[in-house]
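Thanks for coming, everyone. Please look at the structure on the screen while I talk.

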Amino acid sequence: MADKPASAAKKSSDLSLRTIILPIVAIVLLIAYFSYVNPLFFSSSNALNIGRQSSVLLMVALAGTVVILIGSIDLSVGALVTLTGILAALTVDQYGLLGATLVGVGVGALVGLVNGSLVTMLRVPSFLVTLGMLSILSGVSNQISQGQSILFTDSLLPDLVNGSFVLGVPNVIWFALIATGLLTVVAFRTKLGRYLYALGGGEIVASHAGVPVTFYKILAFMLAGAICGLAGVMLTGQVGAGTPTAGSSLLLNSIAAVVMGGTALSGGIGGPHRTFLGVLVIAILTNGMDVTEVNSFTQDIVKGFVIILAVSLTIDRSKYLFIK
């Protein structure tokens, strides 16, 4: 009997090690391959381009990581980025950069509050709640914008997001890296972070240990929503308009990045630092296929295979009695 805990610990350790090594190996192989096919891929200008393209994706993937860590999932992240981006575009001229940012983050947190409350208080699976919220937010975005891009005249938001204060690196990249660092500190150095892992590791056990499960699950969804709201403001500044299709590709890519980085969909394993690696894999893969002129339909097929492969390699099967 004493061998069972030791065996379980060894399996968990092996899984953790595998989920760290695989993304790093994938990054090295992808860089080597695409650089061989097109030498222009391995250049400083393309590296900055990859950073610009993946910054908002990193923010959204971080939001998804927070919810996945507790063993839930949020399918509304892309639609929420779209809505908050449109609201930022509508309000920035009247209320300025700070006002538009507060609107975006506030609406994001409010949507997260609704998602978390429905999941915990009505005991509805997060998949179904956030799938419904995805549809609601998409409809609201199209109602507000009437299917058209929302333009604004304020130049501070685009200048802040696309400009560079340090080393010629676009500020949008710095913002995403700072968010990654801060969320990693929260995950490993705060009570909130410990409780997120505890919930993902076993909700019933966490409850018996005195963790206020309902409160921290709602807080996780609110934090994810607030991060998506900030990502929406950043995306609007990057594009220069609020568009009703802005976040359409973010859901698939963010989930792919989270699982590729090694954050298990079953919860309790992984974290923001892993998601950073996963975003690099997805960003390099996407940019490399663009540079080597792979058509968009083939890119979707490849990304689908990547998600299936990543989940199969990172899922902790010991948490499931049955695979349904």
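**Helix packing, two buried residues and two loops**

One caution before we begin: this is a predicted model.

Let's start with helix 2. It covers residues 44–69. Is helix 2 mostly covered or mostly open? Mostly covered: 19 of its 26 residues are buried. Helix 2 also has a kink. The bend is about 40 degrees, and its centre is S54. After helix 2 comes G71, with a positive phi near 90 degrees.

Now the partners. Two packed helices are described by the angle between their axes and the distance between the axes. Which values do we get for helix 2 and helix 9, residues 213–239? The angle is about 170 degrees, and the axes are 7 Å apart. Angles over 145 degrees count as roughly antiparallel. So helix 2 and helix 9 run roughly antiparallel to each other.

Who touches whom here? On the helix 2 side, find R52, V56, M59, V60, A63, V66 and V67. On the helix 9 side, the list includes A220, F221, L223, A224, I227 and C228. Further along helix 9, L230, A231, M234, L235 and Q238 also take part. By class, this contact has 16 nonpolar residues, 1 polar and 1 charged.

Next, helix 6, residues 171–189. Helix 6 packs on helix 9 too, again at about 170 degrees. Here the axes are 11 Å apart. Helix 6 and helix 9 are therefore also roughly antiparallel. From helix 6, the contact uses V172, F175 and L183. From helix 9, it uses L223, I227, M234 and Q238. The class count is 6 nonpolar, 1 polar and no charged residues.

Look again at those helix 9 names. L223, I227, M234 and Q238 meet helix 6. L223, I227, M234 and Q238 are also among the residues that meet helix 2. An α-helix has 3.6 residues a turn, so residues three or four places apart point the same way.

Stay in helix 6 for one residue, N171. Is N171 buried or exposed? Its relative accessible area is 2%, and the cut-off for buried is under 20%, so N171 is buried. What surrounds it? Setting aside neighbours within four places in sequence, N171 contacts D159, L160, V161, G163, S164 and F165.

Now a second buried residue, T275. You will find T275 in helix 11, residues 272–291. Its relative accessibility is 0%, so T275 counts as buried. Which side chain makes a polar contact with the side chain of T275? That is T65, at 2.5 Å. T65 is also on the wider contact list for T275, together with A61, L62, A257, V258 and T263. That list leaves out neighbours within four places in sequence.

Last topic: backbone angles in two loops. R123 is not a glycine, yet its phi is positive, about 55 degrees. R123 sits in the loop between helix 3, residues 77–121, and helix 4, residues 126–145. With 71% relative accessibility, R123 counts as exposed.

Q146 is the other case. Q146 is not a glycine either, and its phi is also positive, about 55 degrees. Where is Q146? In the loop between helix 4 and strand 1, residues 150–151. Q146 has a relative accessible area of 57%, so it is exposed.

That's my tour. Questions, please.

Note on methods: Residues numbered from 1 in each chain as written. Predicted model: local features only at pLDDT ≥ 70, side-chain atom pairs only at ≥ 80, totals over all residues. Heavy atoms only, no water. Axes fitted to C-alpha atoms, helices over the stretch in contact; angles between N-to-C directions. Helix = DSSP H or I, 4+ residues; strand = E, 2+ residues; numbered from the N terminus. Parallel < 35°, antiparallel > 145°, perpendicular 65-115°, else oblique. Contact = heavy atoms within 4.5 Å. Nonpolar A, V, L, I, M, F, W, Y, C, P; charged D, E, K, R; others polar. Buried < 20%, exposed > 50% of the residue type's maximum accessible area, 1.4 Å probe, protein only. Bend = angle between axes of the 7 residues up to and from the residue. Polar contact = N/O pair within 3.5 Å; in protein donor to acceptor, adjacent residues only side chain to side chain.
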